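Ready for a few warm-up exercises? Take a look at the molecule below, try each task yourself, and then read the solution.

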Amino acid sequence: MKTTLEELLAFVTVVDSNSITHAASKLNQTVSGISRALGRLEEKLETSLLNRTTRRLALTEEGQAFLVHARKILASVDEAEDQMAIRRQQPSGLLRVNAASPFMIHTIVPIIGEFRRLYPQIELELNTNDHFIDLLEHKTDIAIRIGELRDSTLHARHLGSSQRRALASPEYLKNHPAIISTEDLTSHQLLGFTQIEKLNEWPFSDDNGHLLHITPNLTASSGETLRQLALAGEGIVCLSDFMTHKDRMQGDLIEILPQQTVKVMQPINAVYYRNTQLSARITCFLDFLSNRIKIML
């Protein structure tokens with residue numbers, strides 16, 4: 001578009017004021033600035049829009065025709081700005097959130113009803129992946145990542161941290177030898193992760209003062225699968241508090257060697273692309289999730 005909004009606004013204001021001087025006052029500009037804007041507009045359109053005399057201004061035929069379009073354009077801009085203001089006050093639109101299935105099940109799902117009541121105009125799409133994803137490839141607005149972040153191209157908002165503990169069901173502990181020290185773990189069924197090897201470092205100190213690396217007897221790619229196996233009495237598992245809090249409170253999983261446990265906290269972050277400005281729906285979701293997580297963890 002050759003013409004600018006500034007030039008259109010100057011033209012319409014001059015017509016409505018019937019005076020360049022009055023238009024300059026309304027727009028908080030100089031008379032010469034308004035005159036130059038009109039001159040540029042007529043030069044771009046290659047036609048005269050106004051007949052000027054010392055006493056009055058009059059629209060040309062071309063000016064009358066152009067005025068209709070100019071008013072429509074300015075009205076559309078005003079409407080668009082009003083809609084953006086409304087969206088800031090009442091966030092709306094599609095919001096795509098991705099998280100590992102345990103975090104989605106145990107942390108997001110229980111509070112999603114409250115979020116929907118607070119923001120009924122936001123349409124949520126909840127997706128799960130047990131591995132880090134490419135946000136653009138998966139068309140994701142927000143991804144929840146647990147553990148240390150490595151991708152520097154993303155913005156991150158820290159939501160909280162969750163401790164890891166070694167756990168087993170009462171049934172398993174009843175039917176297997178007592179666990180007095182970490183050396184006893186070698187004679188037990190250990191449940192571990194298939195692909196994220198770092199998660200097979202349990203929060204106990206080995207002989208060198210490092211975290212204890214275990215060799216699992218049974219592995220799975222999903223923490224939720226491991227949780228279900230532990231609940232079924234299949235072995236000892238090491239998982240984050242966010243997914244086992246209720247199990248521990250109900251006595252379905254019992255922490256082993258609590259006195260020897262090293263406090264290992266997993267950071268929980270929401271990530272999104274750095275080169276995009278946060279929309280209202282993303283901001284309100286992050287604020288909501290951050291407040292609820294602090295209460296839950």
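**Exercise 1. Is Leu-229 buried, partly exposed or exposed?**

Keep in mind as you work that this is a predicted model.

Step 1: find the residue. Leu-229 sits in helix H7, which covers residues 223–231.

Step 2: look up its relative accessible area, which is 22%.

Step 3: compare with the cut-offs. Buried means under 20% and exposed means over 50%, with partly exposed in between. At 22%, Leu-229 is therefore partly exposed.

Step 4: see what surrounds it. Setting aside residues up to four places away in sequence, Leu-229 touches Leu-191, Leu-218, Glu-234 and Gly-235. One of these, Leu-191, is 38 residues away along the chain, yet the two C-alpha atoms are separated by 8.0 Å.

**Exercise 2. Work out what the overall dimensions say about the chain.**

Step 1: start with the radius of gyration. For a compact globule of 297 residues you'd look for a value near 19 Å, but this chain has 32 Å.

Step 2: put a box around the C-alpha atoms. Along the principal axes, that box is roughly 105 × 40 × 30 Å.

Step 3: check the inside and the outside. Buried residues make up 42% of the 297. The chain exposes about 16800 Å², and carbon and sulfur atoms supply 49% of that area.

Step 4: add the building blocks and the charges. There are nine helices and 13 strands. The side chains include 31 positive and 35 negative ones, and the centres of these two sets lie 9 Å apart.

Step 5: ask how far along the sequence contacts reach. Among contacts with a separation of 6 or more, 74% join residues 24 or more positions apart.

**Exercise 3. Check whether helix H3 has the span you'd expect.**

Step 1: count the residues. Helix H3 runs over residues 31–45, which makes 15 residues.

Step 2: work out the expected span. The rule is 1.5 Å times one less than the number of residues, so H3 should span 21 Å.

Step 3: compare with the model. The end C-alpha atoms of H3 are 21 Å apart, so the two values agree.

Step 4: pick out the buried side of the story. In H3, the buried residues are Gly-33, Ile-34, Ala-37, Leu-38, Leu-41 and Glu-42.

Step 5: look just past the end. Right after H3 comes Glu-46, with a positive phi of about 55°.

**Exercise 4. Do the same for helix H1, then follow the chain out of it.**

Step 1: H1 spans residues 5–17, and its 13 residues reach 18 Å from first C-alpha to last, close to the expected 18 Å.

Step 2: list what is buried. In H1 that's Glu-7, Leu-8, Ala-10, Phe-11, Val-12, Thr-13, Val-14 and Ser-17.

Step 3: turn to Leu-9, which also lies in H1. Its relative accessibility is 37%, so Leu-9 counts as partly exposed. Apart from neighbours within four places in sequence, Leu-9 is in contact with Leu-27 and Leu-74. Leu-9 and Arg-71 are 62 residues apart in sequence, and their C-alpha atoms are 8.7 Å apart.

Step 4: move on to Asn-18, in the loop between H1 and helix H2. Asn-18 isn't a glycine, but has a positive phi of about 60°. With a relative accessible area of 46%, Asn-18 is partly exposed.

**Exercise 5. Which residues touch Ala-166, and how accessible is it?**

Step 1: place Ala-166 in strand S6, residues 154–168.

Step 2: read its relative accessible area. The value is 0%, so Ala-166 is buried.

Step 3: list its partners. Not counting residues up to four places away, Ala-166 touches Trp-202, Phe-204, Ile-236, Val-237, Cys-238, Ile-254, Glu-255 and Ile-256.

Step 4: look across the model. Val-31 is 135 residues from Ala-166 in sequence, and their C-alpha atoms are 77 Å apart.

**Exercise 6. Describe two residues in the loop between S12 and S13.**

Step 1: Leu-257 lies in this loop, between strand S12 (254–255) and strand S13 (265–273). Leu-257 has a positive phi of about 50° without being a glycine, and is buried at 8% relative accessible area.

Step 2: Thr-261 is placed in the loop between S12 and S13 too. Thr-261 counts as buried, at 17% relative accessibility. Its contacts beyond four places in sequence include Gln-163, Arg-164, Pro-203 and Phe-204.

Note on methods:
Residues are numbered from 1 along each chain as its sequence is written. This is a predicted model: local features need pLDDT of at least 70, side-chain atom pairs count only at pLDDT 80 or more; totals for chains, interfaces and linings use all residues. Side-chain values use heavy atoms; hydrogens and water are left out. Helices (H or I, at least four residues) and strands (E, at least two) are DSSP runs, numbered from the N terminus. The radius of gyration is taken over C-alpha atoms; the globule rule is 2.2 Å times the number of residues to the power 0.38. Buried means under 20% relative accessible area, exposed over 50%, partly exposed in between (1.4 Å probe, protein chains only). Contact means heavy atoms within 4.5 Å. Accessible areas come from the Shrake-Rupley method with a 1.4 Å probe; for residues, only the protein chains shown count as cover. Lys and Arg count as positive and Asp and Glu as negative; His and the chain ends are not counted. The place of a charge is taken as NZ of Lys, CZ of Arg, CG of Asp or CD of Glu.
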